[in-house]
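Here is a quick walk through one protein model, written for someone who has it open on screen. Have a look first, then read on.

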Amino acid sequence: MPSPRLLVAICLTLTLIAPVAGQDGPSVEALRATVRGAVHWIAQQAEPVPDVEGAVLIRSSDDKRARATPTVYGGSAGVLLFLENVAAVLDDAEARGLADRIAKGLRAGRRQEGEEPASWNPASGNAGAGLYTGDAGIGHAFLVRHALRGDAEALATAVEIGDALLARATRTERGLGWGNQPDLIIGNAGTALFLLELGEASAQPRFVDGARDAARELVAMAVQAPSKADPKRQLPTWKYMAGRRAMEMPNFSHGTAGVSYALLRIGAATDDGDLIAAGRAGADAMLELAVVEGDTCKWPAIPGQKAFLGGWCHGPAGTARLFLLLHAMTKEERFLTVAKQGANFLVGYAKDAEQVGADGKRPYVPPGYCCGVAGVLEFFCDLHRVTGDPAHAAFARKAGQYLLDVAIVEGDGRKWKNGASAPGPGKANAKGHDTDLMLGAAGEALTLLQLSLLDQKEMPLRRLPDRSIVPTAPKPTK
C-alpha cells in the first residue's frame, strides 16, 4: 500500500488534461469491448493466495515486482468493486468469476491478534481504517458485491469490518475517530461515509450512529478562520496531516471540500442540523477560496501557490461534486452554477492541453480515476445527468474517446500506462501499467462502463461512497 506521503505526492504530481477526440465519441460496443479487455488483462495479474484454493489477489501493476494488496488505492478491493459492476451490467462471466476469487482472497486476509478487533489492514491510526487505504474501503467493496448480487455473505463480511472499525475507534466527549487525519482518502471522513452506507444497507443503526459520531468529531477538528466576506463569521477548514505538519490542500481528496461533503451526506441522513450547518460553512469557505474568471471556476491545489489542477483529487472534477450535492439538497441554483463553472474550467484546460509541442506531438495525459481523464469523465457523466446539457455529454464522450485511443492492446487485453506528470509526451511510471481503481485499468474501464450508460435513464453502477450527489433520507439514530 502506498504511504500517505506517497499518495499526496502522486496526487499533486499528476493532473488532468482532457483529450483531443472525435465529437461524436465512441460507440457503446467499443466502450464495452474495451471494458471486457481490461477485465481480461487484469485477470492476468492475479496472484494465488497461499494455502487457499481458488483465492487470488491482484498485483498493483504488471511489473512482476509489484505486490498484491487488499486496499482500494493500489489494491484488490478497488478491482473487486470494478469487476462486480462489470458482471452486473454486462453479465460478464470472466468478471464474475474473477470477482469470486478476489472476494475469497480478501476474506483469507483477515487478521486478528489476541483480543484485538479483526482487521484486513492492521496499520495503526487512520491509514489502517481509511476508505482508500484501509478496512473501510475493503468493507465497501463487499457492500457493492452485496448490492449487485444480493450476496448475504458479502454483507456479513462488511458488517464484520464495520464492527471492527467501531471497536478500534478512539472515543472522545465529542465523538469518535481513528486518528488525527480528517480527509476522505486516509482519514475519518472517508471511514464515516462507509459506516453510513453500511448502516443503510444492513439496517443496523449502530453504524449510522458511528458515522454521525465521527462527523461530530470532524466538526471539532476544524480550524476556524474569519470569513473574508464577513470577518465576524468563522469558517472551517480541514487540513491534511503530513506527520506533524498540517498542510492545507483544500480540494476533494484531502481537504475542506471532501470533509464538507461527508458532513452534508451524514447530516442529511441523520437529520442533524449541526452537521449540515458545518458542511455548508465548509462549502462557503471553498467559495471564498475559489478563483472565478468569467464563466469558469477553479481552486488552488495549495492556497498561495499557482497550481490549478483538474482531476478528482485536487480539481473541479472532485470539488464541484460538493456543490452538486448542495444543489440536490437545497435546490439553490447558485450551487449548480458553481459546478458548471468548474466544468467550464476543465473544458478550457483541455483546449490548452491540445496544443502541439515543439516536438510535433501532443502531450500524453494521465488516464487515471484519481488524478486524470477517467475522474473527469465520471464527473461530466454525473453533471450531464443533473443538467441534461448535451455539451456535458459531448465532453464526456470526448474524454472517453481519448481513453480508447491511448489504451494498449495486449492480445485480448487492454491496459493503460500512467502519466508520471502532465503535460509531457509519452511519460509513464517506471513501474509499469497499473491495475487498481484509482491509478490503473480498473478505474479507466469503470468510467468507460459509466459512459456506455450515459443515455440510459438510470445509472446502475455502485461506486465509492464519496461519489453520490444525492442526499439520503434520514435514518433513525440513538
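What follows covers confidence, the core, cysteines, aromatic rings, a helix and a strand residue.

## Confidence

Keep in mind that this is a predicted model. The protein chain has an average pLDDT of 90, and 92% of the residues score at least 70. Residues 1-23 are another story: pLDDT stays under 50 there, though the model has 83 contacts beyond four places in sequence for this stretch. Over residues 420-430 the pLDDT is also below 50, with 33 contacts in the model beyond near neighbours in sequence. Where pLDDT is low, the predicted coordinates should not be read in detail.

## The nonpolar core

Which residues touch the most other members of the largest nonpolar core? They are Phe 82, Leu 437 and Met 438, in a core of 148 residues. In soluble globular proteins, nonpolar side chains tend to be buried together.

Leu 437 is worth clicking on. Setting aside residues up to four places away in sequence, Leu 437 touches Val 72, Gly 78, Leu 81, Phe 82 and Tyr 369, along with Ala 442, Gly 443, Leu 446 and Leu 464. Phe 82 therefore turns up twice, as a contact of Leu 437 and as one of the core residues that touch the most other members.

## Cysteines without bonds

If you go looking for disulfides, the count is zero. Why is Cys 313 not bonded to Cys 371? The sulfur of Cys 371 is the closest cysteine sulfur to that of Cys 313, but at 3.6 Å it is too far for a bond, because a disulfide needs the two sulfur atoms within 2.5 Å. Cys 381 is in no disulfide either, and its nearest cysteine sulfur, in Cys 370, is 18 Å away.

Buried or exposed? Cys 313 counts as buried, at 1% relative accessibility. Cys 381 is buried too, at 1% relative accessibility.

## Aromatic pairs

The model has eight aromatic pairs. In one of them, Phe 252 and Tyr 261 have ring centres 5.3 Å apart and planes at 70 degrees, so the pair is edge-to-face. Phe 252 is buried, with a relative accessible area of 0%, and Tyr 261 is buried at 0% relative accessibility. Both belong to one aromatic cluster with Tyr 132 and Trp 312.

Phe 380 and Phe 395 make a tilted pair, because their ring centres lie 4.4 Å apart with the planes at 40 degrees. Phe 380 sits in helix α14 (residues 373-387) and Phe 395 in helix α15 (residues 390-406), so the pair ties together parts that are 15 residues apart in sequence. Phe 380 is buried at 1% relative accessibility, and Phe 395 is buried with a relative accessible area of 8%.

## Helix α12

Helix α12 runs over residues 316-330, 15 residues in total. From its first C-alpha to its last, α12 reaches 20 Å, close to the 21 Å expected at 1.5 Å a residue. Of its 15 residues, 13 are buried, so α12 is largely enclosed by the rest of the structure. Right after α12 comes Lys 331, with a positive phi near 65 degrees.

## A strand residue

Finally, take a look at Thr 237, which is found in strand β6 (residues 234-237). Thr 237 is buried, with a relative accessible area of 15%. What does Thr 237 contact, leaving aside neighbours within four places in sequence? Its partners are Ala 222, Val 223, Glu 248 and Thr 256.

Note on methods:
Residues are numbered from 1 along each chain as its sequence is written. This is a predicted model: local features need pLDDT of at least 70, side-chain atom pairs count only at pLDDT 80 or more; totals for chains, interfaces and linings use all residues. Side-chain values use heavy atoms; hydrogens and water are left out. A nonpolar core is a set of buried Ala, Val, Leu, Ile, Met, Phe, Trp, Tyr and Cys residues joined through side-chain atoms within 4.5 Å. Buried means under 20% relative accessible area, exposed over 50%, partly exposed in between (1.4 Å probe, protein chains only). Contact means heavy atoms within 4.5 Å. Helices (H or I, at least four residues) and strands (E, at least two) are DSSP runs, numbered from the N terminus. The expected span of a helix is 1.5 Å times one less than its number of residues. pLDDT is the predictor's confidence in each residue, from 0 to 100. Rings of Phe, Tyr and Trp (its six-membered ring) pair if their centres lie within 6.5 Å; planes under 30 degrees apart count as stacked, over 60 as edge-to-face and the rest as tilted.
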